[in-house]
Amino acid sequence: MPDLTHVPADVADHLDPPPFDALVVRGVRRRRRRTTSLVTGAVVAVAVLAATARVVTGDSAAPEPPAASPTVLSPSEARALIHERGAVVTALGLDDEGRELAVWAHRRSRESPSAVAVRAADGAVALGMAPGALDDVVPVTGGWLAESTNDGSRTGSVVLIGPDASVTTLPAPTGTTTPQPGDAAIWVGLALTLYRPATHELFEVPAVALPDSQSNPVVTASGSLVTLLKQADTVSVARLEDGAWVTHELDGSSSPSAHLLGGGGDTLATVVHHHREPETTSYDVVHLSTDAGATWRVVPAPPRLGSITSIATTTRGTTFMTTSYGLLRVPAEGDAELVAGTLFGGVLTDGDRIMMSNGRIYSRSDDEGASWTVAAVPGREDAPVETLDCGFAPTPGPDQVLVSFGCLPDHPERAAELARVAAETSTEERLTAALTAYFAGPPPRSGALWSLGSPDTLRAVVVEGDRAIVDLDLDGGIASTSAQSGEIWAALTTMAFQFPEIEVMEPRYYGSCVAFGAAVGAGECLVVQRDGDYVPG
Amino acid sequence: MPEDTQHDALRELYVASYRRLVGQLTAVTGSLAEAEDVVQEAFVRAVASRRTVEGLDNPEAWLRTVAVNLARSRWRRTQRFLHLAPRLVADDTDAGLSPDTTAVLAALRTLSPTQREAVALHHLADLPVREVTDLLGVPVGTVKARLSRGRAALAPLLSDHDPSSDLEDRHA
């Protein structure tokens with residue numbers, strides 16, 4: 001046997017490794033996926049706690065805005081961004097005074113600034129700009145906190161969005177403190193940070209043992225910072241009290257892989273996601289505490305829930321969770337029940353109203369899910385809320401390709417528009433054109449249509465014989481919920497199989513089919529055949 | 001705001017190990033593209049399990065094990081797509097590699113996956129037999145049998161190589 005040890009070295013010499021930071025982002029986003037996807041879901045419960053704490057402390061007036069950093073207000077620039085084709089809502093929020101927040105960004109680049117629109121209870125809308133992307137939104141007294149990234153700072157920063165849509169960068173933490181009633185907590189990069197509304201100060205958390213996997217933090221009405229810790233095969237509730245973490249094992253029964261935490265008043269609710277390998281089956285277990293985390297019980301829930309993707313708790317102690325099969329209502333006492341059909345996005349509350357975000361529109365319920373109304377998100381009050389395009393499927397001409405969008409809400413059909421291409425282009429170029437149009441987003445007038453990602457999402461399209469390989473960049477939790485995963489599969493297959501010469505569609509994430517399968521929750525590399533079968537690839 | 005230094009150790013590991021691992025996994029999988037897939041995925045999992053990985057005595061061995069397991073999972077799944085795999089493999093391994101390396105990889109692809117992983121890990125990645133058995137989770141005798149059969153299958157295909165360089169079970 002000859003010496004073959006030179007072969008790996010020869011291969012290594014020809015490599016061009018991707019930036020390590022790209023892998024870090026993939027890994028961290030994977031850890032945070034199930035919480036960051038909520039945006040305004042679980043974390044909105046902090047607003048309820050903040051409101052409660054304000055009563056407790058007697059601080060009935062909103063604090064003065066911070067003066068340490070410039071406030072950005074550019075209504076005309078914000079209006080232009082919001083009305084551009086490709087502008088999408090990246091976060092929604094509510095506060096306890098009935099204000100509604102929408103954060104808008106353009107799909108073309110995560111480096112681009114964000115616009116914020118705040119609609120008051122009387123319908124008045126204020127617009128402002130943020131220098132970077134706003135990844136998380138946490139309601140606090142006097143506005144919303146957000147993690148700002150791609151704004152020129154290496155590790156991100158924290159901004160305060162005011163009721164007037166002003167965006168103010170807060171000074172970096174200068175010390176540590178223990179949580180107090182009314183504080184809020186937010187992840188900034190990989191650091192857990194406390195915010196004190198009374199003084200607009202940020203603090204590092206003392207002696208924090210960061211979990212293997214992050215979950216959203218909650219500051220309880222009594223001033224405890226609560227989060228979930230996943231260590232090995234155990235998920236524990238952890239409370240930071242007097243500078244030390246006190247943990248309570250919540251679930252050590254099998255292999256929990258992700259978890260969510262929401263809270264309102266003294267009610268805390270969690271969902272622990274279990275993933276079994278190699279069978280790749282998954283299930284969720286709901287835990288509820290009505291005494292600020294001192295004791296917990298497992299809530300009986302319908303057997304089929306699929307993935308639970310967001311969680312919010314009202315001041316009455318009723319928790320709502322969005323699941324693969326609809327909205328789950330978990331009362332403080334009694335069993336859980338499904339109260340609405342399949343919906344997209346996350347659930348949020350201002351303590352009383354329940355809202356579910358669905359891209360550019362949202363559904364609102366004032367009676368705990370019994371009835372719903374649909375409204376436009378702040379900033380696009382001019383756009384009609386319509387669903388009439390759902391189910392529309394035109395036949396492409398020789399110089400056209402079909403661009404297929406998701407349809408909202410509760411519509412199983414898809415909707416399509418036609419994009420023009422040169423008549424003699426190759427299948428690869430035509431599929432590229434269709435996917436490019438998809439990731440650019442639906443026409444602005446189509447308030448009922450949605451798509452995922454941004455133009456940056458599409459990395460490459462290769463057609464080899466009857467096989468279409470679509471390589472995507474799914475960073476940022478684009479396919480983090482089951483509804484989003486379903487949408488990305490539906491979009492890719494619909495657009496690939498409009499070309500009769502395509503028999504197999506293989507999706508990839510940064511060149512990896514395995515990574516795509518992991519990102520969408522399939523757990524393995526799957527390809528789709530024209531007959532609709534998903535088979536290991 | 002604290003600097004993001006939490007991944008510095010993994011970053012150093014990435015710089016030190018990525019090329020080596022891809023080189024080894026290319027031999028294991030027979031495909032450069034697939035090797036990059038599984039090694040990148042292994043690093044993504046390392047980031048997601050940073051504390052666990054950084055606490056290991058040999059994190060590169062952990063990454064190699066994860067990558068090999070990912071590759072093995074893919075082998076099992078691709079059994080139903082054998083008519084597609086050869087074409088894709090043949091396309092991606094020729095780019096930029098020396099003719100000698102290309103020939104060795106082509107020869108390795110003729111082996112069964114189990115023989116190939118044993119041969120690749122022992123004769124190309126230069127791992128001792130004991131480490132190969134630990135990595136693959138099979139008895140020493142099984143690994144030696146696979147090595148023996150693999151060498152026999154490769155012999156006629158690698159006849160251009162120096163026959164005097166007999167490296168059978170160098171580390172056994």
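Colleague: I'm new here, so let's start simple: how many bridges join strand 33 of chain A to strand 34 of chain A?

Modeller: Keep in mind that this is a predicted model, where local features need pLDDT of at least 70, side-chain atom pairs count only at pLDDT 80 or more, totals for chains, interfaces and linings use all residues, and side-chain values use heavy atoms, leaving out hydrogens and water. Residues are numbered from 1 along each chain as its sequence is written, while chains are lettered from A and ligands numbered from 1 in the order in which they are written. Helices (H or I, at least four residues) and strands (E, at least two) are DSSP runs numbered from the N terminus, and two strands pair if DSSP finds at least two bridges between them. Strands 33 and 34 of chain A run parallel, and the number of bridges joining them is six.

Colleague: Which residue of strand 34 of chain A stands opposite V470(A)?

Modeller: V470(A) has partners to tell you about in two strands. V461(A) has V470(A) as its bridge partner in strand 33 of chain A, and strands 32 and 33 of chain A run antiparallel, with six bridges. In strand 34 of chain A, the residue opposite V470(A) is P507(A).

Colleague: Which strands stand at the edges of this sheet?

Modeller: The sheet is open and mixed, with five strands of chain A in the order 32-33-34-35-36. Two of these strands have a single partner strand each, so one side of each is left without a neighbour in the sheet. Those edge strands of chain A are strand 32 (458-464) and strand 36 (534-536).

Colleague: Is strand 33 of chain A buried or exposed?

Modeller: Buried means under 20% relative accessible area, exposed over 50%, and partly exposed in between, with a 1.4 Å probe and protein chains only. R467(A), I469(A) and D471(A) point one way from the strand, and A468(A), V470(A) and L472(A) the other way. In a regular strand, side chains alternate between the two faces of the sheet. Six of the six residues of strand 33 of chain A are under the cut-off, so the rest of the structure largely encloses it: buried.

Colleague: Which residue takes a positive phi in the hairpin of strand 32 and strand 33 of chain A?

Modeller: That hairpin has two residues between its strands. The phi in question is near 65°, and it belongs to G465(A).

Colleague: At what angle does helix 5 of chain A run to strand 32 of chain A?

Modeller: Axes are lines fitted to C-alpha atoms, for helices over the stretch in contact, and angles run from 0 to 180 degrees between N-to-C directions. Helix 5 (residues 427-440) of chain A lies across strands 32 and 33 of chain A. To strand 32 of chain A, it runs at about 155°.

Colleague: Over in chain B, how far apart are the axes of helix 7 and helix 8?

Modeller: Helix 7 (residues 113-124) and helix 8 (residues 129-136) of chain B pack at an angle of about 140°. That makes them oblique, the class left over once angles under 35 degrees count as roughly parallel, over 145 as roughly antiparallel and 65 to 115 as roughly perpendicular. Residues that meet (heavy atoms within 4.5 Å) include L121(B) in helix 7 and V132(B) in helix 8. The distance between the axes of helix 7 and helix 8 of chain B is 9 Å.

Colleague: What is the relative accessible area of D122(A)?

Modeller: D122(A) sits in the loop between strand 4 (114-119) and strand 5 (125-130) of chain A. G98(A) is 24 residues away from D122(A) in sequence and 9.0 Å away, C-alpha to C-alpha. D122(A) is exposed, at 65%.
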